[in-house]
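Here are some notes for a colleague who is opening this structure for the first time. Please keep the sequence and the model side by side while reading.

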Amino acid sequence: MKVKARPGSEVIVDPQELTEFLRKSQDFSELIKTTLNPEDSEVIRRQKLRALQKNKISGPSEQNKAINKGWKRYIGIPVAIASGLFFILSLIATKNLIGKYHPFTISFWQYLTRIPIGCTFILYYWIFEKVNVFQSVFDSTEVTDEDSGDVTPSTTRQKIFTSLGLVLTCLAGVAVLVMRFYALKYLSVADATVINFSGTLFTIGFGYFFLDEKCGFVTLLISFFNLFGAFLITRPPFLTGGTEYNTDLLIGASISLMATIVVSAYYVAMRKLRKIHYTVTIFLATMLGLIECGVLAVCLDVFTLPDLGWDIFWISAVGFLAISGNLTIIIALKFEQAGIVNLVRLIDVVFVFFLEYIFLHIIPDRFSICGAIIVLTGVSIIALRSILLTLPHGNRYRRACCCLLK
């Protein structure tokens with residue numbers, strides 16, 4: 001930026017150029033409000049400009065680093081572990097109910113218990129943070145020019161497509177929940193969890209075609225390796241010495257694999273809609289799931305009221321633990337890298353075998369353990385690969401593990 005000087009006077013900054021400089025900075029809107037003042041003298045303007053050039057105005061990356069200072073740097077991993085525990089305990093609570101109630105009925109009562117929690121978060125942001133979270137649905141399609149800072153408003157068509165995409169994404173999330181509940185009728189919690197972890201191939205495929213994300217050879221190879229681990233859980237006859245497949249295991253594995261495919265598409269869609277506030281997604285999915293599962297349960301004549309006592313406790317626990325798992329994974333991703341969070345979540349497989357033995361007295365056989373080891377190995381390599389990609393090109397760990405980056 002050029003500056004003008006008068007002979008024998010202070011250096012004077014052209015106000016128009018100063019305005020352009022501030023507008024090009026990453027936080028131009030806030031800087032213009034707090035830095036520019038019509039009553040400032042030219043000397044003060046020059047001093048402000050020097051301060052801005054010296055400090056270079058911290059951008060989003062530096063602000064994110066500031067979040068992880070002090071004790072906060074250690075939050076991500078414990079919260080990610082807690083998220084896995086919440087999800088596993090939610091499935092175990094569901095397993096206790098699945099033989100007595102239809103999956104649509106369990107889903108209906110689970111969504112009903114989620115409503116107070118979702119409303120609490122929305123009211124918190126509205127009252128204390130002064131944020132209308134529902135406005136993020138329409139603001140998410142606004143485009144900000146990086147150079148000028150000009151904001152292009154959303155068109156009516158963009159708002160309609162965004163709202164429709166959000167509704168369809170939430171309906172997909174409801175379908176995933178119901179399918180996983182159906183799978184628990186035929187599978188153990190451990191087998192269903194391992195199959196859910198084997199869906200990296202579908203996530204990578206959807207990301208490649210719809211988000212233009214890169215797909216390396218190693219990632220593709222490991223994804224097929226994970227599918228083989230899920231295949232072992234079906235106990236194929238040529239390995240067990242039987243004459244035919246176990247029908248229940250085959251049905252359960254198929255439903256669980258279908259849920260994994262849908263949840264992969266769900267993750268890709270949520271990445272497209274990432275500007276929408278997370279409380280809106282949780283609240284809308286809860287309301288749509290409540291209506292959808294309630295209507296289907298009544299139409300299929302499978303709707304029943306829970307018995308007093310332990311059944312109400314387990315149904316309430318399913319809803320509370322599920323939404324707690326969703327919220328804690330969001331918090332974990334705020335304080336830690338996605339690759340590290342995925343790596344930590346692998347401990348879920350260890351937890352599920354241990355907790356299933358304690359609460360349901362189910363001992364895993366060699367096929368479940370071998371399938372789990374294969375899937376754990378594959379997902380560990382993919383998670384380590386994602387961490388290595390975030391390191392500088394000259395980093396010694398990245399050079400040592402360059403074979404994983406192909």
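The points below take up charged contacts, a helix, aromatic pairs and a surface patch in turn.

1. Please bear in mind throughout that this is a predicted model, and that residues are numbered from 1 along each chain as its sequence is written.

2. The structure holds two salt bridges. In one of them the side chains of D307 and K100 meet at 2.7 Å, N to O, and this pair links distant parts of the chain, since D307 is in the loop between α14 and α15 (310-335) while K100 is in the loop between α5 (76-98) and α6, 207 residues apart. D307 has a relative accessibility of 37% and therefore counts as partly exposed.

3. K100 also meets the side chain of D311 in a salt bridge of 2.8 Å, N to O. Here too distant parts of the chain are linked, with K100 in the loop between α5 and α6 and D311 in helix α15, 211 residues apart. D311 counts as buried because its relative accessibility is 12%, under the 20% limit for that class. Through shared partners, the salt bridges join K100, D307 and D311 into one network.

4. Helix α6 has 25 residues and reaches 36 Å from its first C-alpha to its last, which is close to the 36 Å expected at 1.5 Å a residue. A kink of about 30° nevertheless lies in α6 at I115, shortly before the proline P116.

5. How many aromatic pairs does a search of the whole structure find? The search finds 12. In one pair, the rings of Y124 and F128 have their centres 5.6 Å apart and their planes at 35°, so the pair is tilted. Y124 is partly exposed, with a relative accessible area of 40%, whereas F128, at 62% relative accessibility, counts as exposed. Ring pairs link both residues with Y125 and Y278 into a cluster.

6. Another pair is formed by F134 and F283, whose ring centres are 6.1 Å apart and whose planes stand at 80°, so the pair is edge-to-face. Because F134 lies in the loop between α6 (103-127) and α7 (136-139) and F283 in helix α14 (residues 278-299), the pair ties together parts that are 149 residues apart in sequence. F134 is partly exposed, with a relative accessible area of 36%.

7. On the surface, F228, F231, F238, L239, Y245 and L250 form a nonpolar patch, with about 560 Å² of accessible area together. The elements giving two or more residues to the nonpolar patch are α11 (217-233) and α12 (237-240). F238 is found in helix α12 and, at 61% relative accessibility, counts as exposed.

Conventions. Predicted model: local features only at pLDDT ≥ 70, side-chain atom pairs only at ≥ 80, totals over all residues. Heavy atoms only, no water. Patch = residues over 30% accessible without salt bridge, like charges linked within 9 Å, V, L, I, M, F, W, Y side chains within 5 Å. Areas by Shrake-Rupley, 256 points an atom, 1.4 Å probe, with all protein chains shown as cover. Salt bridge = Lys/Arg side-chain N within 4 Å of Asp/Glu carboxyl O. Helix = DSSP H or I, 4+ residues; strand = E, 2+ residues; numbered from the N terminus. Buried < 20%, exposed > 50% of the residue type's maximum accessible area, 1.4 Å probe, protein only. Phe/Tyr/Trp six-rings, centres within 6.5 Å; stacked < 30°, edge-to-face > 60°. Expected span 1.5 Å × (residues − 1). Bend = angle between axes of the 7 residues up to and from the residue.
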